[in-house]
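Me: I should like a close look at a single part of this structure, with the surrounding elements brought in where they help. Please give one connected account.

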Amino acid sequence: MLTFAKARAATKKRKNFRGRASRLFLFAGRGADMWPICNVKIRDCLAITSVTLKQSLKLGATMAKSKFEYVRDFEADDTCLAHCWVVVRLDGRNFHRFSEKHNFAKPNDSRALHLMTKCAQTVMEELEDIVIAYGQSDEYSFVFKRKSNWFKRRASKFMTHVASQFASSYVFYWRDYFEDQPLLYPPGFDGRVVVYPNNQTLKDYLSWRQADCHINNLYNTVFWALVQQSGLTPVQAQGRLQGTLAADKNEILFSEFNINYNNEPPLYRKGTVLIWQKVGEVTTKEVKLPAEMEGKKIAVTRTRTKPVPLHCDIIGDAFWKEHPEILDEDS
């Protein structure tokens, strides 16, 4: 019996081996025909996957939008005209009350004027393409170059960036100029954008603002002299000056208060002009030689272009002849 069982097991092993060998032979014989078919199927799968991926990406882009996006059609086009000077003018909002609450000196507070100039310098340094700025009292005008493409020349971008930078700088630098006067509440500034088509209209605009500075400062100088030195009430001083001309005001200042208006500081009479100039800055730098244990501090002068304040006449031609680069389109 044992011999018979071993014989049956050996016969079964031989059958199984022949079956596996025959299947392997058939697969090897058909391999040459199957590989091209497999390659075609792989290419088809890749093509289908690529199309599906593109459709998914397109669907995703479509799904990123919403049915509410039509409201963008209501946005007004505020692009400034090309090849024109873009001017942004800021004015202090209700600064009459602000100056009283913060005890500004009358008729002019040099601290407030210098603070305004500091804010304007910050705007010129932080923003792009401003070629000149002019300020007086509680206002400042910023002129962007004609070829500026800043924010695609959108008026809203010009105005909001200048106003926000100026207002935040006013709060930030307040303590540098008003050491003993706390800021009681945040100031506000309104802005407007105007485009001027050529150099002459731009010069006329800046001349208008400087003439306004002269008219207002002459009136305020006489008005506060009458109030502070003659003891008149504001209403009485206003009545005294009603209908007077510039010559009359100058006569009152000279005859009654011995004040020659032409001798008043140019900052008050002409305002402040900011232009770009090269300035040498002296800084301290520590230098250490290889043989030395401790470094030596030496003064280093570096040239830097900065917005520099001037208090000069810009109505005449002398200023523009002295600084032709301001109106140069390629500067």
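In which loop is Pro107 found? Please start there and follow the chain into the elements beyond that loop.

Reply: The model is a predicted one, and the description below should be read accordingly. Pro107 is found in the loop between helix 2 (95–101) and helix 3. The peptide bond that leads into Pro107 from Lys106 is cis, and its omega is near 5 degrees. The loop between helix 2 and helix 3 also holds Asn103. Asn103 is not a glycine, yet has a positive phi of about 60 degrees. Both features merit attention, because most residues other than glycine have a negative phi and most peptide bonds are trans. As for its surroundings, Asn103 counts as exposed because its relative accessibility is 52%, the cut-off for that class being over 50%.

Beyond this loop comes helix 3, which spans residues 110–126 and packs with helix 4 (residues 155–172) at an angle of about 135 degrees, the two axes lying 9 Å apart. Helix 3 is therefore oblique to helix 4. The crossing of these two helices is right-handed. On the side of helix 3, the contact is formed by Leu115, Met116, Cys119, Ala120, Thr122, Val123 and Glu126. Their counterparts in helix 4 are Val162, Gln165, Phe166, Ser169 and Tyr170. By class, the contact of helix 3 with helix 4 comprises 8 nonpolar, 3 polar and 1 charged residues.

Between these two helices in residue numbering stand strand 2 (residues 130–136) and strand 3 (residues 139–144). The two strands form a hairpin with 2 residues between them. In the turn, Ser137 has a positive phi of about 55 degrees. The pairing of strand 2 with strand 3 is antiparallel and extends over 6 bridges. Gln136 stands opposite Glu139 of strand 3, while Ile130 has Phe144 of strand 3 as its bridge partner.

Strand 3 also pairs with strand 1 (residues 85–92), again in the antiparallel sense and through 6 bridges. Within that pairing, Val87 stands opposite Val143 of strand 3. Strand 3 thus has bridges both to strand 2 and to strand 1.

The burial of the hairpin strands completes this part of the picture. In strand 2, 7 of the 7 residues are buried, so the strand is largely enclosed by the rest of the structure. Strand 3 is mostly covered, with 6 of its 6 residues buried. In a regular strand, side chains alternate between the two faces of the sheet. In strand 3, Glu139, Ser141 and Val143 point one way, and Tyr140, Phe142 and Phe144 point the other way; all are buried. For the chain as a whole, buried residues make up 31% of its 331 residues.

After strand 3 the chain enters the loop that leads to helix 4, and Phe151 lies in that loop. Phe151 also has a positive phi, near 50 degrees, although this residue is other than glycine. Phe151 counts as partly exposed because its relative accessibility is 36%.

To set this part in context, the chain has 10 helices and 6 strands. Of the contacts in the chain with a separation of 6 or more, 71% are between residues 24 or more positions apart.

How values were computed: Residues are numbered from 1 along each chain as its sequence is written. This is a predicted model: local features need pLDDT of at least 70, side-chain atom pairs count only at pLDDT 80 or more; totals for chains, interfaces and linings use all residues. Side-chain values use heavy atoms; hydrogens and water are left out. Axes are lines fitted to C-alpha atoms, for helices over the stretch in contact, and angles run from 0 to 180 degrees between N-to-C directions. Helices (H or I, at least four residues) and strands (E, at least two) are DSSP runs, numbered from the N terminus. Angles under 35 degrees count as roughly parallel, over 145 as roughly antiparallel, 65 to 115 as roughly perpendicular and the rest as oblique. A crossing is left-handed if the near helix is turned anticlockwise from the far one by less than a right angle, and right-handed if clockwise. Contact means heavy atoms within 4.5 Å. Ala, Val, Leu, Ile, Met, Phe, Trp, Tyr, Cys and Pro count as nonpolar, Asp, Glu, Lys and Arg as charged, and the others, Gly among them, as polar. Buried means under 20% relative accessible area, exposed over 50%, partly exposed in between (1.4 Å probe, protein chains only). Two strands pair if DSSP finds at least two bridges between them.
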